[in-house]
Amino acid sequence: MTTTSPHRTAKKNADRATRFSAELFEAAQAVGEIENRSARQQLEHWASIGRAVSAPGSTAQSRIEAVFAGTLSRQELSVDEVRSFDAQFDARAEFRMAEADIPARRAAEGHRSFHLDGEGNIVETHPDGTQTLVDA
């Protein structure tokens, strides 16, 4: 018989800290108030729904993956599948953009680039990697 120490069980069941965008957290606070949930409870609720909807092997997820693969048209999805597809598309695009770090890559190639920072300011990235705010 295998036993688990109480310390190990407590550690396994402990909450994990993570960061969310301010926009997502504020949306969770607003919806949570309406649904009588804390922001944390609302985020957990959304996560559990997302996990169920995007579970591998579910019919809806299989159809959505077929659209991503190009073997099914988005127009063939149901209204609920389109909502899920659009959310997954946005999440995938946001993740890839965050990983891409286009200004740094362009700087490494000797080019300058411009982008908006989190506060809506125009930022110029120079070929040496330094950044300056552009006066509007």
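**Exercise 1. Work out which residues of α5 sit on the face turned away from its buried side, and what the opposite face looks like.**

Start on the outside: the face of α5 turned away from its buried side holds the exposed residues Val79, Asp80, Arg83, Asp90, Glu94, Met97 and Ala98. Keep in mind that this is a predicted model.

Now flip to the inside. The buried residues of α5 are Glu81, Val82, Ser84, Phe85 and Gln88. Looking down the axis of α5, these buried residues fall within an arc of 160°, so they line one face of the helix. The spacing helps here: an α-helix has 3.6 residues a turn, so residues three or four places apart point the same way.

Next, ask what lies over that face. The cover on the buried residues of α5 includes α3 (39–53) and α4 (59–69). For a single case, take Ser84: with 13% relative accessibility it counts as buried, since the cut-off is under 20%. Leaving out residues up to four places away in sequence, Ser84 touches Val53 and Ile64.

**Exercise 2. Check whether the length of α5 agrees with its residue count, then see what comes after the helix.**

Helix α5 runs over residues 79–100, which is 22 residues. At 1.5 Å a residue, α5 should span 32 Å. Its end C-alpha atoms are 31 Å apart, which agrees. Just past the helix comes Asp101, with a positive phi near 45°.

**Exercise 3. Find salt bridges that tie α5 to α4, and one that involves α3.**

The whole structure has eight salt bridges, so pick a few of them.

- Arg63 pairs with Glu81, with the closest N and O atoms 2.9 Å apart. Arg63 lies in α4 and Glu81 in α5, so this pair ties together parts 18 residues apart in sequence. Glu81 is buried, at a relative accessible area of 10%, while Arg63 is partly exposed at 27%.
- Arg92 meets Glu65 at 2.8 Å, N to O. Arg92 is in α5 and Glu65 in α4, so the link joins parts 27 residues apart in sequence.
- Asp15 meets Arg40, also at 2.8 Å, N to O. Asp15 is in the loop between α1 (6–13) and α2 and Arg40 is in α3, so parts 25 residues apart in sequence are tied together. Asp15, Arg40 and Glu44 are linked in a network of salt bridges.

**Exercise 4. Locate the nonpolar surface patch and say which helix gives most to it.**

The patch consists of Phe20, Leu24, Phe25, Trp46, Ile49 and Val53, together about 480 Å² of accessible area. Helices α2 (22–34) and α3 each give two or more residues, and α3 has the largest share with three.

Conventions: Residues are numbered from 1 along each chain as its sequence is written. This is a predicted model: local features need pLDDT of at least 70, side-chain atom pairs count only at pLDDT 80 or more; totals for chains, interfaces and linings use all residues. Side-chain values use heavy atoms; hydrogens and water are left out. Helices (H or I, at least four residues) and strands (E, at least two) are DSSP runs, numbered from the N terminus. The expected span of a helix is 1.5 Å times one less than its number of residues. Buried means under 20% relative accessible area, exposed over 50%, partly exposed in between (1.4 Å probe, protein chains only). The arc is that of the directions from the helix axis to the C-beta atoms. Contact means heavy atoms within 4.5 Å. Patches are made of residues with over 30% relative accessible area and no salt bridge: like charges are joined within 9 Å, nonpolar side chains (Val, Leu, Ile, Met, Phe, Trp, Tyr) within 5 Å. Accessible areas come from the Shrake-Rupley method with a 1.4 Å probe; for residues, only the protein chains shown count as cover. A salt bridge is a side-chain nitrogen of Lys or Arg within 4 Å of a carboxyl oxygen of Asp or Glu.
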